[in-house]
Every structure is written in C-alpha cells, then in structure tokens.
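Trainee: I am new to this structure and would like to learn how to read it. Could you walk me through it, one feature at a time?

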Amino acid sequence: MSEAPDLDLIRDALSTSTLSHALKLIGDRWTMQILMGAFMGVKRFDDFQSWLAIPRRTLSSRLKSLMHMDLMRPRLYQERPERYAYHLTRKGMAVYEATLMTWDWEQRFGENRIALPTRLVHKTCGHGFIPQLSCEACGETVTLRDLELRLKPNPHLPHDPDAPMRTPKVTVTDGAMDHLALRMDRWTLMIVSALVLGCRHFDQLSHVLRISPPLLSRRLPAMVEAGLLSVEPDRDDRRRRVYLLTPAGRALFPYIALLSVWASEHLFNEPSSIRPRHKACGKAFVPRATCGHCHERLNAWDVRFETEGAA
Ligand SMILES: [Zn+2]
Ligand SMILES: [Zn+2]
C-alpha cells in the first residue's frame, strides 16, 4: 500500500464523481437538515423554522432550490392566509438511506448536542435497529475494507469548475445542528474521500482536491480536532506528516457511498467515476442501507423514530 497514488487520476475521478456533485447540490448544512426534518415528519414552513432555528429567508431559498431539484413539492393546506406544507418527492425520498447514515454516525460519534431521535424502529420486522451498509448483489454487510476502489473518470459527468469551493461560515450562535454539519460538510467529505483513495500527505490532498494550501492548512487541524483524522510523522521522511482516517472518519464512508449512488441513480443516470467492487462476491458494489435486525432494505415509510422520554 506504500505505492505512490496516481494523483492526476484521483483528481479527475473526484472532480467528476457523483459524490462531488451531490454534495454541491444538497451537501450544505441547511439543506441536509431540512431533509432530515422532512424524514422525521416536519412539513410546514413554520415547523421547519422553529425546529431548525433557521432564518426565514434562508429556509425559503433552500426550500425553493429543493423544489427546483424536484426533491420536494409544495401543497397548499390553508387558503387565507396561504400556507404550504412541503412533501418529499420520490427523488427526495430516495435520499433517505444516506440521511439515515448521518443519524447513525451522530449516535456513535457525535456529542449528542442535537435533538435527534434516539431509536429507530423498523415497522416491517417490528424491531429497533441500527442501519447497515450492504451490497445489493449479495446482501452482505460491507465496510470499506471489503471493497476494491477502481477509478474510471466518466466522460459523461461534468468536471467541477476550477473555482475554489467556498468554506462554510459557521458560528457558535447558528442553529443547533452546526456541530454535525461542520463535520459533514462538503470539504470534510471530499478530504475523507481523497484519503480513502490513498492520499496521505498535505501536498497530495491539495493536488487532488484543488484546494488552496491556506484553506487546507486550516481544515486538516480542525478535522484532527473533531476526531476524524490522526496525524503522525511519515516513517520514510520525518519532515513530512501523514494524515490517517480514525474510526470516526472511516465511519463516514456509508454516507459517502449512499450519497454517491443516489446521485448516480437519481440525478445523472450515470455510474460515478469512483467504482467500488465488492471483493467477496466480485460484483460492482451498489450500496444499500439495510435493517441491522432483518437485513431488509430500508424505506422511509417503514421506519419509525422514537425519542427517549417521549410517549
Ligand atoms: Zn457483494
Ligand atoms: Zn428489520
């Protein structure tokens, strides 16, 4: 594994990955939180507003772009004054599996600073469950170690523009879910993906992500502090440091995999430029979120959220 990674290939694959595009469209913290709220049954504008403590204008613009992408649809529920409820479309419903993984990650590694339900119940089998990442072809549970990642930049997918990505502005006075959002924003997930693909050094990350060195040098220590990365001196060259994924960093992979496949299936109808193969069954790996109890694939309408202490 000490072979030098092909940095140009990794750069092109990341730039044309469905993950990168999906994160650009729905990876901002507000959009992610609105979707999570929708899956928990929030529908009305005012309910989103109070649950997320989101500025009204921001909420309105995010809902508009969700409708524009055909992930949500408005329904008039009151005529005077006009009031709308926002429902998920089929395409919006399909983000569910990825969203479940953010819940699971927060339960395991988060600091419980956000008001998420504490238990998920699979109505189909009647049991409380933890979502698992499974291979659609053989049904087995899969972790990153079970996969071989092949890179094949798909010419039918657009490249990210060269313009540097924005850093999200996060302040402590923002909404209650900032902590989660900060650790799962676009940059974080792209850096995790570059590490998964074999990059380990600062200059490698900067090259494949086309991220400016000043920005990267702020990002990496923040990710180390958040427990997603560890850093140590390079054994071959003590002047350099290597960045490695911690268990919490690796545990972001199910979310990354499910978001990528959602974009492949629902936005582009094209395979991503990063093509995992499940070593055990030899098939192309199509990730699915399954019930840890009965191993069936999970649908939004089959899951009940429970909050401890609630009736
Ligand atoms: Zn398989
Ligand atoms: Zn089940």
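**Reading the model together**

Mentor: Let us start with a single residue: Cys125 is partly exposed, as its relative accessible area is 23%. Keep in mind that this is a predicted model, so we are reading computed values.

Trainee: What does Cys125 bind, and which residues join in as protein donors of the zinc ion (ligand 2)?

Mentor: To read a metal site, look at the donor atoms first, then at their distances and angles. For the zinc ion (ligand 2), the protein donors are the ND1 atom of His122 and the SG atoms of Cys125, Cys291 and Cys294, at 2.0 to 2.4 Å. The angles among the four donor atoms run from 100 to 119 degrees, and the site is tetrahedral. Along the sequence, the spacing of these donor residues reads H-x2-C-x165-C-x2-C.

Trainee: Is His122 buried or exposed?

Mentor: His122 counts as buried because its relative accessibility is 0%, and the cut-off for buried is under 20%. Cys125, at 23%, is partly exposed.

Trainee: Which residues coordinate the zinc ion (ligand 1)?

Mentor: Here the donors are Cys135 (SG), Cys138 (SG), His278 (ND1) and Cys281 (SG), at 2.0 to 2.4 Å from the zinc ion (ligand 1). Their four donor atoms subtend angles of 102 to 118 degrees, so this arrangement is tetrahedral. The spacing in sequence is C-x2-C-x139-H-x2-C. Within this set, Cys138 and His278 link distant parts of the chain, 140 residues apart: Cys138 sits in the loop between β5 (131-135) and β6 (147-151), and His278 in strand β9 (residues 274-278).

Trainee: How do Cys138 and His278 read in terms of accessibility, buried or partly exposed?

Mentor: Cys138 counts as partly exposed at 32% relative accessibility. His278, with a relative accessible area of 2%, is buried.

Trainee: Which other residue lies in the loop between β5 and β6?

Mentor: Asp146 has its place there. Asp146 is partly exposed, with 28% relative accessible area. For a sense of how the chain folds back, compare sequence separation with distance in space: Asp146 and Phe285 are 139 residues apart along the chain, and their C-alpha atoms are separated by 9.9 Å.

Trainee: Can we try the same reading on a helix residue?

Mentor: Try Ser65, which is found in helix α5 (residues 56-68). Ser65 counts as partly exposed at 29% relative accessibility. The C-alpha atoms of Ser65 and Ile26 are 9.3 Å apart, with their positions 39 residues apart along the chain.

Trainee: Next, ring pairs. How many aromatic pairs are there?

Mentor: The count comes to two aromatic pairs. For each one, read the distance between ring centres and the angle between planes. Phe39 and Tyr96 form an edge-to-face pair, with 4.8 Å centre to centre and 65 degrees between the planes. Phe39 is in helix α3 and Tyr96 in helix α7, so the pair ties together parts 57 residues apart in sequence. Both Phe39 and Tyr96 are buried.

Trainee: And how is the pair of Trp105 and Phe109 arranged?

Mentor: That pair is tilted: the centres are 5.5 Å apart and the planes are at 40 degrees. Trp105 and Phe109 both belong to helix α7, four residues apart, which is about one turn of the helix. Trp105 counts as buried at 2% relative accessibility, whereas Phe109 is partly exposed at 25%.

Trainee: What about empty spaces inside: how many cavities of 30 Å³ or more are counted?

Mentor: There are three cavities of 30 Å³ or more. To read one, ask about its volume and then its lining. The second largest holds about 60 Å³ of space, and its lining includes Phe39, Tyr96, Trp103 and Phe305. Two or more lining residues come from each of α3 (29-39) and α7 (96-109). Helix α7 gives the largest share, four residues. By class, the lining has nine nonpolar residues, one polar and no charged ones.

Trainee: Last one: why is helix α9 described as largely enclosed?

Mentor: Ten of the eleven residues of α9 (residues 186-196) are buried, so the helix is largely enclosed by the rest of the structure. Among the buried ones are Arg186, Trp187, Ser193 and Leu195. Following α9 comes Gly198, with a positive phi near 110 degrees.

Notes:
Residues are numbered from 1 along each chain as its sequence is written. Chains are lettered from A and ligands numbered from 1 in the order in which they are written. This is a predicted model: local features need pLDDT of at least 70, side-chain atom pairs count only at pLDDT 80 or more; totals for chains, interfaces and linings use all residues. Side-chain values use heavy atoms; hydrogens and water are left out. Buried means under 20% relative accessible area, exposed over 50%, partly exposed in between (1.4 Å probe, protein chains only). Donors are N, O and S atoms within 2.8 Å of the metal (3.2 Å for Na, K and Ca); water is not among the atoms, so sites may look incomplete. Four donors count as tetrahedral if all angles lie between 85 and 135 degrees; four count as square planar and six as octahedral if opposite donors are over 155 degrees apart and all others between 65 and 115; anything else is irregular. On a 1 Å grid over the protein atoms alone, a cavity is a set of points where a 1.4 Å probe fits but cannot get out, and a pocket is an open set with protein on both sides within 12 Å along at least five of seven lines; lining residues have an atom within 4 Å of a point. Grid points are joined across faces, edges and corners, and a volume is the space filled by probe spheres set on the points. Ala, Val, Leu, Ile, Met, Phe, Trp, Tyr, Cys and Pro count as nonpolar, Asp, Glu, Lys and Arg as charged, and the others, Gly among them, as polar. Rings of Phe, Tyr and Trp (its six-membered ring) pair if their centres lie within 6.5 Å; planes under 30 degrees apart count as stacked, over 60 as edge-to-face and the rest as tilted.
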